[in-house]
Amino acid sequence: MAETTLFSPYKMGRFNLSHRVVLAPMTRCRALNGIPNAALAEYYTQRSTPGGFLITEGTLVSPTAPGFPHVPGIYTEEQVEAWKKVVDEVHAKGSIIFCQLWHVGRASHQVYQPGGAAPISSTSKAISNRWRILMPDGSYGTYPTPRALETSDIQEVVETYRQAALNAIRAGFDGIEIHGAHGYLIDQFLKDGINDRTDEYGGSINNRCRFLMQVIEAVVAAIGADRVGFRMSPAIDHLDAMDSDPLNLGLAVIERLNRLQLNLGSKLTYLHVTQPRYTAYGQTESGRHGTEDEEARLMRTWRNGYQGTFICSGGFTRELGIEAIAEGNADLVSYGRVFISNPDLVLRLKLNAPLNKYIRKTFYTPDPVVGYTDYPFLSKENGSQQLLSRL
């Protein structure tokens, strides 16, 4: 048997992947007025490889969903039609692409909300002043007090995810990823450090998982389990998303996903989990945000518990990615910041070639080129696709 590596083929449900390097979903703020454009098409096709797997940036499910300027949506016909052009170009390069469905919940501001309303959430508690929100003019502001959703409002929000999933399939996407991580709306229901509800969506783990499972069940009923992925981050504290027992929160979600898959007789496409690096969870006096042993224990427990394809992300290097696959701790590894600065990252990782350094100050600017599509390839003639195919 040949050794399984980061560059081995993998069958992810209905999809045949030629390698295990995944483009992680990353907010880039280049979709002016919420409409995907030619810059997005170039950005994603630059990072496409035959048999590669891409996940888009968080894509808004409704007008109440944004918390950044110039992020794309998937809730209007204009957005659907614009995404078709992006997806078609990615498919022409031979890649598979999923649309990440996103609602930021309380991680928003009145300036982004219809009619200047308060953002919606599981709670009426605001995100603390430890965090700042990027405003449309490029300045940073404080997060306002959100409006806790009434119990009777929640099904309307579930419906926005279902319709967004249908829209994504109409746009040509191969599937969708539900964003349930990093302190955004679904995570605001999951984490007991945020969710202070007293109705059937708060309190116990079962209640806190209810909104998530209703979203997943609605989306699966609409487009099929084999086109649905889910991302979670039980141990990530981004935007005050703390939980008193992240290990068991993750296991509770996994138990429900496994049960759903068993009842359906069909698996979700994957579970995507963020490695708890660089968070306040387990922080030590030395400044290390969690120990390697703690991180590894969490990820191994979740990986061993989930019955399906497991993707890990969060600060992976070439060596850590190779190790994760070789040791069976993941089926696929998603890369973020280094994929921003290295459009031919798959080739560079395979060759162990030097990586371009990313420029953080251009991560969230609206410029359609600078810091977006101008990072160099190994080959100036953009021959990396041909070279990769021969390796």
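Let me begin with a term: a residue counts as partly exposed when its relative accessible area lies between the buried limit, under 20%, and the exposed limit, over 50%. Arginine 162, at 27% relative accessibility, is therefore partly exposed. Please bear in mind that the model I am presenting is predicted.

I turn to the overall fold. Eight strands form a closed barrel in the order S3-S4-S5-S10-S11-S12-S13-S14, and their pairing is parallel. From one strand to the next, the twist averages 25°. Within this barrel, strand S10, residues 175-180, and strand S11, residues 228-232, run parallel and are joined by five bridges. Isoleucine 178 has phenylalanine 230 of S11 standing opposite. On the helical side, helix H1, residues 38-46, lies across strands S3 and S4, and its direction makes an angle of about 150° with S4.

Helix H3 deserves a closer look. This helix covers residues 154-170, 17 in number, and spans 25 Å from its first C-alpha to its last, close to the expected 24 Å. Which residues of H3 are buried? They are Ile154, Val157, Val158, Tyr161, Ala164, Ala165, Asn167 and Ala168. These buried residues pack against several elements, among them helix H2, strand S5, S10 and helix H6. Just after H3, glycine 172 adopts a positive phi of about 105°.

I now come to the charged pairs. Side chains of opposite charge can pair when their charged atoms come close. How many salt bridges does a search of the whole structure find? The search finds 12, and I shall describe three of the pairs.

One salt bridge joins arginine 170 to glutamate 77, with 2.6 Å between the closest N and O atoms. This pair links distant parts of the chain, since arginine 170 belongs to helix H3 and glutamate 77 to helix H2, 93 residues apart. Arginine 170 has a relative accessible area of 40% and is partly exposed; glutamate 77, at 45%, is also partly exposed.

Another salt bridge, at 2.8 Å from N to O, brings together the side chains of arginine 162 and glutamate 159. Both residues lie in H3, three residues apart, or about one turn of the helix. Glutamate 159 is partly exposed, at 33% relative accessibility.

The last pair I shall describe is glutamate 255 with arginine 259, whose closest N and O atoms are 2.9 Å apart. Because these two residues are four apart in helix H7, residues 246-264, about one helical turn separates them. Glutamate 255 is partly exposed at 44%, and arginine 259 is partly exposed at 41%.

How values were computed: Residues numbered from 1 in each chain as written. Predicted model: local features only at pLDDT ≥ 70, side-chain atom pairs only at ≥ 80, totals over all residues. Heavy atoms only, no water. Pairing = 2+ DSSP bridges. Axes fitted to C-alpha atoms, helices over the stretch in contact; angles between N-to-C directions. Contact = heavy atoms within 4.5 Å. Expected span 1.5 Å × (residues − 1). Buried < 20%, exposed > 50% of the residue type's maximum accessible area, 1.4 Å probe, protein only. Salt bridge = Lys/Arg side-chain N within 4 Å of Asp/Glu carboxyl O.
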